[in-house]
Amino acid sequence: MNISKELRMTVYSSMFAALISVGAYLAIPIGPVPIVLQNIFVLMAAILLGTKWGGAALGLYLFMGACGFPVFAGGTGGIGRILGPTGGYLLGYIPAVLVTGLISDKIGKNIFGDIIAMFAGSLVVYIAGVPWLKLATGMPWDKVFIVGMYPFIIGDILKIVAAAYCIKFLRPLLDKNMDKS
Amino acid sequence: MGKVTPLSYRYDSFVLFQIDVRCKIICIFFLSIVIANAHFLQLYLITAIFSWLLYRSGFNIRRLIRELKYFFIIVIFLFIIRTITASSSHISIPIFGFINEFKYIEIDSVKIDLIGILNYINANILTHIPIDKDGLTDGCQVSWRFFLIVIMGILFSSSTTASAIKSAVMWFLKPFPFIPKKRVAVMVSLFVRFLPLLLEKATEVSDAQKARCFHLRKNPVKKIKNITVPLITKVFNSADNLAIAMASRCYNENRTEIAEHNLLRPSGYEINFYLGTIALVLITLFI
């Protein structure tokens, strides 16, 4: 059946918004701190769907969270969460999707391009999240980095490598579906 | 039959299920700000209101607790972490005072010096962990707020249909001409439809991987890949089937909508919810 690309991408970006929400509940036990799959899905949305539809998926996710759906990390929701200490990380996902999508388009659709794009995206999340955490809590910089950045770096590296590996499998599937359009 | 999660909508005649969804969204918007800044008085009040709403909405509290057992573990974890990080001094708490009468316990005819072990824990671990009254208060407040936000989300999503949310989204987006309202509204209803489906698929994938002992693997990248690839493949296929179903029913953005007044119909009880929310905002601001 001939399905318009717009319709398919609308469904896919809604699906990715739901995946990002479910990612908050999917914890993989690796070492003492379990890895949560939420930001992996944000970066994968940017690469697989592109800047426009990846951004739409993220916008929908933030909108539903702001409306009170329990979709943010740990099953919370509400505008208070976006305005709270960890709100910078949530809002930082928006430029992260833009940066990841743009770099992925420029470098090309290969595993190294994906890894570089996702590293840049993760960096943008920290650039937005860490200063926000400092402003919201009033903690000194060294403590902010200890609480809001250092414990997650190893997990992020693992997630980026795993995401690049997953994208390698998923891109042909998506391309095959898009060819049907 | 699909498993009904606490997030799934179900019908009830209670007022929470009948009030206008726009009222619910506005109240949630303000309540989430109130909860984020609430102290014990506000927390007691909101807990009493939410308990009443849960009871009257016909929730089976035992089942809800069972469904949310992992969430309670997160709440306890959050409480411990916040208590420790917010404390600056040590206080001695007679945690082990009540077991003085048992000097030894016997397991498989091996006598274990319980008091000795507890004294060791007390001297070598607990005395190094800062716990004070401020820390306990902060830990209690933060975990309580977190708990209430989740209960609020459950009350909202279990009492509101996807089509009502879609209509409310279109109504709220009316003042913004540059946003494609109908597409956003469709995405919202798809999102609400996908959420329980994804939780179900994630459980399926996780169980299938456990059955194959994948959880015993040491390689973290493979662990992530083993969950993510099958989950997204399954969900992509479901999404594709949905897109085909929509296209075969001639879906387009200019179709006839269900009349807004059918879905966004004030029940007359909205004023009570608005007044309650305003009262809580004022209590938070001035007390």
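Colleague: How many helices and strands are there in chain B?
Modeller: Chain B has 12 helices and two strands. This is a predicted model. Along the sequence the pattern is α-α-α-α-α-β-β-α-α-α-α-α-α-α.

Colleague: And what is the secondary structure of chain A?
Modeller: Seven helices and two strands. From the N terminus, chain A runs α-β-β-α-α-α-α-α-α.

Colleague: What makes a run in chain A count as a helix?
Modeller: A helix is a DSSP run of H or I with at least four residues. Helix 1 of chain A has 19 residues, so that run passes the cut-off of at least four.

Colleague: How do you know that the span of helix 1 of chain A agrees with its length?
Modeller: The rule is 1.5 Å times one less than the number of residues. For the 19 residues of helix 1 of chain A that gives 27 Å, and the end C-alpha atoms lie 26 Å apart, so the two agree.

Colleague: Why is helix 1 of chain A called mostly covered?
Modeller: A residue is buried if 20 or more other C-beta atoms lie within 10 Å of its own. In helix 1 of chain A, 16 of the 19 residues are buried, so "mostly covered" holds.

Colleague: What share of each chain is buried?
Modeller: In chain A, 51% of the 181 residues are buried. In chain B, buried residues make up 25% of 287.

Colleague: What makes the largest nonpolar core a core?
Modeller: Its members are buried nonpolar residues joined through C-beta atoms within 7 Å, so they form one set. The set has 103 residues. Among those that touch the most other members are Phe16(A), Ala45(A) and Phe191(B). Helix 2 of chain A gives the most to this core, with 18 residues.

Colleague: Which residues does Ala45(A) touch, not counting residues up to four places away in sequence?
Modeller: Ala45(A) touches Phe16(A), Ile20(A), Gly54(A), Ala57(A), Leu58(A) and Val97(A) on that count.

Colleague: How many residues does each chain bring to the contact?
Modeller: Chain A brings 47 residues and chain B brings 49. Helix 1 of chain A supplies the largest share of the chain A side, 13 residues.

Colleague: How does the chain A side divide into nonpolar, polar and charged?
Modeller: It has 31 nonpolar, 13 polar and three charged residues. Gly counts as polar, so any Gly there falls outside the nonpolar group.

Colleague: What share of contacts joins residues at least 24 apart in sequence?
Modeller: Among contacts between residues at least 6 apart, the share is 64% in chain A and 82% in chain B.

Terms used:
Residues are numbered from 1 along each chain as its sequence is written. Chains are lettered from A and ligands numbered from 1 in the order in which they are written. This is a predicted model: local features need pLDDT of at least 70, side-chain atom pairs count only at pLDDT 80 or more; totals for chains, interfaces and linings use all residues. Two residues are in contact if their C-beta atoms, placed from the backbone, lie within 7 Å. A residue is buried if 20 or more other C-beta atoms lie within 10 Å of its own, exposed if 12 or fewer, and partly exposed in between; C-beta atoms are placed from the backbone.
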